[in-house]
Structure formats: C-alpha cells, structure tokens
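Here is a quick tour of one chain, from the overall fold down to individual side-chain pairs. Have the viewer open as you read.

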Amino acid sequence: MRVIAGKARRTALVAPDGQNTRPTSDRAKEGLFNILAPEIRAARFLDMFCGSGAIGIEALSRGAAESVFVDNSFLAIHAVRKNLSKTKLSDSKAEIFETTAEDAIARLAAQNRRFDIIFLDPPYDSYNSESLRQIIDKLRKILAEDGVIIAETEAADLPEATQTRTYGRTKFLFINATRAQQFPIPK
C-alpha cells in the first residue's frame, strides 16, 4: 500500500494492526483518483471509516485543501498518524477524529463544516444497503452544495448512486447527481 501520486508519491503506508482493516487496492485507488482528478485540488475531503487513512492522504498528496479522518479504532487512528508523519502531510491540512461516524457527523455539523468530497468505507460485514443508506442520509448534513459522496462497498447497491465503478471486488458508488454530472466518469 502506497501513495500513488502527488507530493507524497511512492511513500509506503502502514495498515492498522489486526484483521479489521481491508485497505483499498492501489488499482482501485488509482481508478478513483483518476475520476476525481479535476475535482481534488483545493477540495475539502472527508475520509469516513478511514482505516489507514490512505484515501484521505492520497487526496492531500494530490492537493486537497484539507482532509478530515474519522475512525473509532485506536489502531486505525495510530496508523493514520504514522502515515501522515511518513508522508509529511500532518500539517494543519489534516484533522483526526477518533470517534464513531455518527458522533463525527454531529460534531462537524455543529461546527457548520461542509465537504466537497466525502469518502465512505465502512466495514463490509457491518453495513448492508439499508444501514449504508442511513449513514449517507446523515452525511448529507455536512456535504457541500455541489459535493459528492463516494461509498466503497463489496456488494451493496443503492438506488441513490448516480454512477458505479468496479475494480475487482471493490465497488465505488457515487451519490449526488449534480456533482456526477459535472465530471465525466471514465468507463
């Protein structure tokens, strides 16, 4: 697992100890960021259920204005801190919340924060289509007016998804028609 492009290109990243994290493959991550390339520079990025933080770090490396990392696992947050340090991206552009998704959303909403891109990678075995739909509804409170929510999933499908891209077992669901219409998603 490594940073694909940008300031921290080729930096190896560490995964949290244990078996609870499944890092996004380099191939899937590269495909995702090829889609997001026109939108990532200066974006406010939220990496929900961040695990190692690889997605939010990739966003920072490619020029995102900020990246907020959320996970309720101490091991995950420890890995995020190590990875931010290794990539030298731990300056004021990165913020970490060691808490549940629901608590982080409430705190960010109370601060009137909005994000251009929200990446959501919940544990595959903990979130089915219905629970994924519920968390996405909560995330809309902190989504910028023309923002996009991207959910990484293995099997779930959502009618709200305006675009879907698959890389092996990884599926990205793009939610928010307005934003999806602003940039073409390559086949």
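Let's start with the rings: the aromatic pairs here number three. One of them is Phe-33 with Phe-45, whose ring centres sit 6.5 Å apart with the planes at 25°; planes under 30 degrees apart count as stacked, so this pair is stacked. Phe-33 belongs to helix α1 and Phe-45 to strand β1, so the pair ties together parts that are twelve residues apart in sequence. Both Phe-33 and Phe-45 are buried. Elsewhere, Phe-119, Tyr-167 and Phe-172 come together as one aromatic cluster. Keep in mind throughout that this is a predicted model.

**The overall layout**

Stepping back, the chain has six helices and seven strands. Read from the N terminus, the elements go α-β-α-β-α-β-α-β-α-β-β-β-α. Of the 187 residues in the chain, 52% are buried. The accessible surface adds up to about 8700 Å², and carbon and sulfur atoms account for 46% of that. If you look at contacts between residues at least 6 apart in sequence, 64% of them join residues at least 24 apart.

**The sheet**

How are the seven strands ordered in the open sheet? The order is β3-β2-β1-β4-β5-β7-β6, and the pairing is mixed. At the edges you find β3 (94-98) and β6 (161-167), each of which pairs on one side only. On average, neighbouring strands of this sheet are turned by 15° against each other, ignoring direction.

Strand β5 is a good place to zoom in. Strand β4 (residues 115-120) pairs with β5 (residues 143-153) in the parallel sense, over five bridges. Within that pairing, Ile-118 stands opposite Ile-149 in β5, and Ile-117 has Val-148 of β5 as its bridge partner. Strand β5 also runs antiparallel to β7, again joined by five bridges. In that pairing, Ala-151 has Leu-173 in β7 as its bridge partner. As for cover, β5 is mostly tucked away, with nine of its eleven residues buried.

In general, side chains in a regular strand alternate between the two faces of the sheet.

**Helices on the sheet**

Two of the helices are worth tracing in the viewer. Helix α1 (residues 26-40) lies across β1 (44-48), β4, β5, β6 and β7 (170-175), and its direction runs at about 140° to β6. Helix α5 (residues 129-139) packs on the sheet too, touching β1, β4, β5 and β7, and its direction makes about 160° with that of β4. Strands β1, β4, β5 and β7 therefore appear in the contact lists of both helices, with contact meaning heavy atoms within 4.5 Å.

**Charged pairs**

Now for the electrostatics-minded: the structure holds seven salt bridges. Three of them are set out below, with the N to O distance for each.

| Basic residue | Acidic residue | N to O distance |
|---|---|---|
| Arg-62 | Glu-58 | 2.8 Å |
| Arg-113 | Glu-95 | 3.0 Å |
| Arg-140 | Asp-137 | 3.6 Å |

Are Arg-62 and Glu-58 buried or exposed? Arg-62 has 17% relative accessibility, so it counts as buried, and Glu-58 has 0%, so it counts as buried as well. These two residues also take part in a wider arrangement, since a network of salt bridges links Lys-29, Glu-58 and Arg-62.

What does the bridge between Arg-113 and Glu-95 tie together? Arg-113 lies in the loop between α4 (101-110) and β4, while Glu-95 lies in strand β3, so the pair ties together parts that are 18 residues apart in sequence. With a relative accessible area of 16%, Arg-113 is buried. Glu-95, at 29% relative accessibility, counts as partly exposed.

The bridge between Arg-140 and Asp-137 has partly exposed residues at both ends: Arg-140 has a relative accessible area of 36%, and Asp-137 has 43%.

Conventions: Residues numbered from 1 in each chain as written. Predicted model: local features only at pLDDT ≥ 70, side-chain atom pairs only at ≥ 80, totals over all residues. Heavy atoms only, no water. Pairing = 2+ DSSP bridges. Helix = DSSP H or I, 4+ residues; strand = E, 2+ residues; numbered from the N terminus. Axes fitted to C-alpha atoms, helices over the stretch in contact; angles between N-to-C directions. Buried < 20%, exposed > 50% of the residue type's maximum accessible area, 1.4 Å probe, protein only. Phe/Tyr/Trp six-rings, centres within 6.5 Å; stacked < 30°, edge-to-face > 60°. Salt bridge = Lys/Arg side-chain N within 4 Å of Asp/Glu carboxyl O. Areas by Shrake-Rupley, 256 points an atom, 1.4 Å probe, with all protein chains shown as cover.
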